[in-house]
Amino acid sequence: MAKKNFILVCGGTGCESTRADEIYRTLIKEAELQGVKDDVQVVKTGCFGFCEKGPIVKVLPQESFYVEVKPQDSAEIISEQVIKGREVVRLLYRKDEKAASNIKLEDIQFYQKQFRIVLRNCGIINPENIEEYIAREGYTGLEKALFKMKPDDVIEELKKSGLRGRGGAGFPTWMKWDLTRKQPDPVKYVVCNADEGDPGAYMNRSTIEGDPHSVIEAMAICGKIIDARQGYVYIRAEYPLAIDRLKIAIDQARDMGLLGKDILGSGYDFDIEIRLGAGAFVCGEETALLQSLEGKRGMPVPKPPFPAIQGLWKKPTVINNVETFANVSAIMAKGAEWFAKVGTEKSKGTKTFALTGKINNSGLVEVPMGTTLREIIFDIGGGIKNGKKFKGVQTGGPSGGIITERSLDEPITYESLAALGSMMGSGGMIVMDEDDCVVDIAKFYMAFCVDESCGKCAPCRIGTKQMYDILNKISKGTALEEDLDKLEKIGKAMTKASLCLLGGSAANPTLSTLKHFREEYLEHIRDHKCKSGKCKELVVYEIEPAKCIGCGLCARRCPVPCIVGEKKQPHVIDKAKCIKCGECFKVCKFGAVIKR
Amino acid sequence: MARMTLDELRALRESKRQDLARRDVEGKNIQIIVGMGTCGIAAGAKQTFDAIAESLQKHGLEDKVVIRQTGCMGLCYVEPTVEVVAPDMPTVIYGKMTHDMAESLVVKHLVEHSLLDNHILDRPAADIVKK
């Protein structure tokens with residue numbers, strides 16, 4: 001028998017601490033007392049992301065959204081809503097005192113921090129069925145571009161929308177398209193950059209996996225506007241599912257006449273091919289990507305000429321990121337004015353981020369530009385794992401920088417992130433807590449850049465290696481204080497003199513951690529100490545004789561082995577042999593093994 | 001399907017839009033939608049998909065329910081995610097639906113018409129296409 005109501009009590013950590021559990025129990029008790037336990041079911045849910053107004057209680061199917069609920073409100077919720085079918089008005093969320101109280105969740109995203117434009121179909125449609133995309137305003141943008149709007153109007157529309165490239169640099173999209181369009185060459189190309197290479201970033205992958213047609217449609221629109229006949233999607237081979245779904249989507253679009261010859265009877269021809277990249281990070285840089293697309297070794301070439309003038313096979317080429325294209329199809333479907341309402345004055349629309357690291361709710365998020373990092377990390381992300389202290393967040397992967405507590409309330413825009421010494425990048429966001437060591441992080445990213453530097457220009461090829469060597473010395477405690485100045489000097493030179501942005505931004509993680517956490521670097525150098533214990537060479541394990549009972553557990557666990565001692569006598573670690581795996585520290589039940 | 005003209009595209013869009021609004025696919029009025037992005041699959045969404053199909057058969061529900069796949073909903077920390085759309089029940093997204101949860105999902109939600117506790121999540125953002 002069907003239930004009349006379902007009461008959802010927020011079970012997120014924020015609400016739990018504000019007595020959500022007690023509310024859950026009193027609601028069940030009240031339902032029983034008032035004799036309606038069969039009409040209603042009380043359940044706990046995941047976090048609603050609106051913790052500042054918690055505890056939250058939501059009643060279905062009415063979608064009543066109650067905030068700051070107290071256990072003593074339970075009786076009223078049961079008697080009013082379940083028995084009499086009326087909402088408890090005083091508990092409903094109001095934006096302000098005057099606003100109408102009965103806002104329904106679906107009407108407005110008043111409590112939700114996320115706003116999904118790029119990911120509008122992800123998790124809703126079946127990505128392998130073109131009809132479901134079409135049903136949700138799909139290919140209406142292409143319709144307009146083919147039959148209703150002139151190329152000038154489309155460019156104007158993009159200009160009004162304020163859309164800027166989502167690959168990281170933030171170049172206005174309309175300008176790129178317009179420049180390419182105005183080239184006299186009869187052969188032009190559209191290229192989609194799906195070579196998402198930042199460690200920890202997977203927004204583009206998810207977008208293609210969840211909604212491939214949003215990219216295909218926008219590429220066809222772009223082709224029509226700049227008068228190109230051929231498009232390429234450059235995607236890394238390590239995204240097999242995304243490639244499969246993209247192939248299916250292209251085939252379906254071709255079968256239905258949305259790609260290929262004479263699209264929808266308009267006389268316009270456009271087709272798309274997929275090109276697989278082998279996973280070199282530098283191929284995310286547009287000129288290197290185009291080289292690789294031509295079958296050459298993926299290395300950047302000097303700009304200018306920009307791809308808009310001389311791109312693929314020396315022909316004018318628009319090259320945009322997956323996210324940029326996915327935005328274009330939404331703008332064309334819903335209009336520039338609608339789009340421009342979202343975001344800040346200079347950074348319009350939304351940005352997707354892959355939220356990972358020491359965070360409770362890791363996942364794919366899309367927020368309006370201007371949202372603060374605090375909202376992303378603490379409201380959407382649910383805060384730091386295991387109640388640890390927040391240390392910093394790395395945006396933009398190996399090209400970005402660390403952003404600390406002090407800047408958490410800064411609204412996210414292209415400009416604000418650049419001013420903080422980081423960058424928008426493609427949107428990887430790695431959260432770090434007090435257990436992370438900044439030297440270790442800087443070293444990790446620099447090692448990545450050493451591996452991924454293509455070697456064409458000296459500043460990047462030599463600079464990354466030199467910086468890595470110094471960072472490595474610091475992590476071993478053999479560096480000198482003046483090495484920090486060297487790091488800064490080499491970093492600045494690389495930033496200025498590198499051929500492409502790989503070298504140009506490779507120093508960012510080091511320079512930004514050095515700026516915000518110089519003390520921690522100095523601790524490594526002067527005191528040979530790494531507080532977090534991440535720099536293994538600086539950690540020393542010892543056994544405190546007074547506490548050791550000689551059980552021998554550590555000696556049995558030691559993989560070297562380097563722990564010796566008689567039974568029931570204090571044991572000793574041979575520091576020369578110790579590999580610092582930390583096993584003895586973990587297994588000791590008496591706290592006798594100490595880490596220094 | 002043959003290549004379409006503009007009018008055919010519009011007609012298809014309208015009919016499919018109504019299909020989606022009716023929540024009625026292939027004559028079946030219950031939909032179970034499994035998130036099958038890389039993250040979902042890595043967390044075992046394929047096994048969940050199969051286990052749900054098996055469980056539906058066991059309870060004689062296979063004629064009423066269609067199981068669909070979709071991309072990533074963004075809730076990577078609670079994958080696999082499963083959305084259930086059924087008449088007389090609120091539409092709910094469940095997280096952490098590993099294959100061993102399939103049976104209780106079918107029994108609780110579709111047979112007993114109640115919600116599965118401790119697994120319910122909120123859709124992360126309002127749907128912009130609906131408006």
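Me: Which domains does the domain assignment give for chain A, and which of them ends at 595?
Reply: This is a predicted model. The assignment for chain A lists domain 1 (5-91), domain 2 (130-336), domain 3 (350-433) and domain 4 (438-526). The one that ends at 595 is domain 5 (540-595).

Me: How many residues of domain 4 of chain A are in contact with domain 3 of chain A?
Reply: The centres of the two domains, taken over C-alpha atoms, are separated by 22 Å. Domain 3 of chain A brings eleven residues to the contact. By class, that side has four nonpolar, seven polar and no charged residues. From domain 4 of chain A, the number in contact is 14.

Me: Which residues of helix H20 of chain A are buried?
Reply: Helix H20 covers residues 508-516 of chain A. It is mostly covered, with eight of its nine residues buried. The buried ones are Asn508(A), Pro509(A), Thr510(A), Leu511(A), Ser512(A), Thr513(A), Leu514(A) and His516(A).

Me: Which strands are the edge strands of the open sheet in the order E7-E6-E5-E8 of chain A?
Reply: Four strands make up this sheet, and their pairing is parallel. An edge strand pairs on one side only. Neighbouring strands are turned by 20° against each other on average, direction ignored. The edge strands are E7 (271-277) and E8 (317-321) of chain A.

Me: What is the bridge partner of Val191(A) in E6(A)?
Reply: Strand E5 of chain A spans residues 189-194, and strand E6 of chain A spans residues 230-236. The two pair in the parallel sense over six bridges. In E6(A), the partner of Val191(A) is Tyr232(A).

Me: Which helix lies across E5, E6, E7 and E8 of chain A?
Reply: The helix runs at about 150° to E5(A). It also gives the most to the largest nonpolar core, with nine residues. It spans residues 212-226 of chain A and is helix H9.

Me: Which residues touch the most other members of the largest nonpolar core?
Reply: This core has 207 residues. Apart from it lies another core, of eleven residues, among them Cys548(A) and Ile573(A). In the largest core, the residues that touch the most other members are Ile7(A), Val9(A), Val191(A) and Met219(A).

Me: Which residues does Val9(A) touch, not counting those up to four places away in sequence?
Reply: Val9(A) is one of the residues that touch the most other members of the largest nonpolar core. Its contacts include Lys44(A) and Thr45(A). The full list is Ala20(A), Ile23(A), Tyr24(A), Leu27(A), Val42(A), Lys44(A), Thr45(A) and Val57(A).

Me: Which element gives the largest share of the side of chain B that touches chain A?
Reply: The contact takes 43 residues from chain B and 54 residues from chain A. The chain B side divides into 21 nonpolar, twelve polar and ten charged residues. Helix H1 (6-22), E2 and strand E5 (120-121) of chain B each give two or more residues. The largest share, eight residues, comes from H1(B).

Me: Why does Met73(B) count as buried?
Reply: Met73(B) sits in the loop between strand E2 (65-70) and strand E3 (82-85) of chain B. A residue is buried if 20 or more other C-beta atoms lie within 10 Å of its own. Met73(B) is therefore buried, because the number of other C-beta atoms within 10 Å is 31.

Me: Which chain A residues does Met73(B) touch?
Reply: In chain B, Met73(B) touches Gly35(B), Thr81(B) and Pro124(B), not counting residues up to four places away in sequence. Arg123(B) is 50 residues from Met73(B) in sequence and 8.0 Å away in space, C-alpha to C-alpha. In chain A, Met73(B) touches Cys122(A) and Gly123(A).

Definitions and conventions. Residues are numbered from 1 along each chain as its sequence is written. Chains are lettered from A and ligands numbered from 1 in the order in which they are written. This is a predicted model: local features need pLDDT of at least 70, side-chain atom pairs count only at pLDDT 80 or more; totals for chains, interfaces and linings use all residues. Two strands pair if DSSP finds at least two bridges between them. Axes are lines fitted to C-alpha atoms, for helices over the stretch in contact, and angles run from 0 to 180 degrees between N-to-C directions. Two residues are in contact if their C-beta atoms, placed from the backbone, lie within 7 Å. A residue is buried if 20 or more other C-beta atoms lie within 10 Å of its own, exposed if 12 or fewer, and partly exposed in between; C-beta atoms are placed from the backbone. Domain bounds come from an automatic or database domain assignment. Ala, Val, Leu, Ile, Met, Phe, Trp, Tyr, Cys and Pro count as nonpolar, Asp, Glu, Lys and Arg as charged, and the others, Gly among them, as polar. A nonpolar core is a set of buried Ala, Val, Leu, Ile, Met, Phe, Trp, Tyr and Cys residues joined through C-beta atoms within 7 Å.
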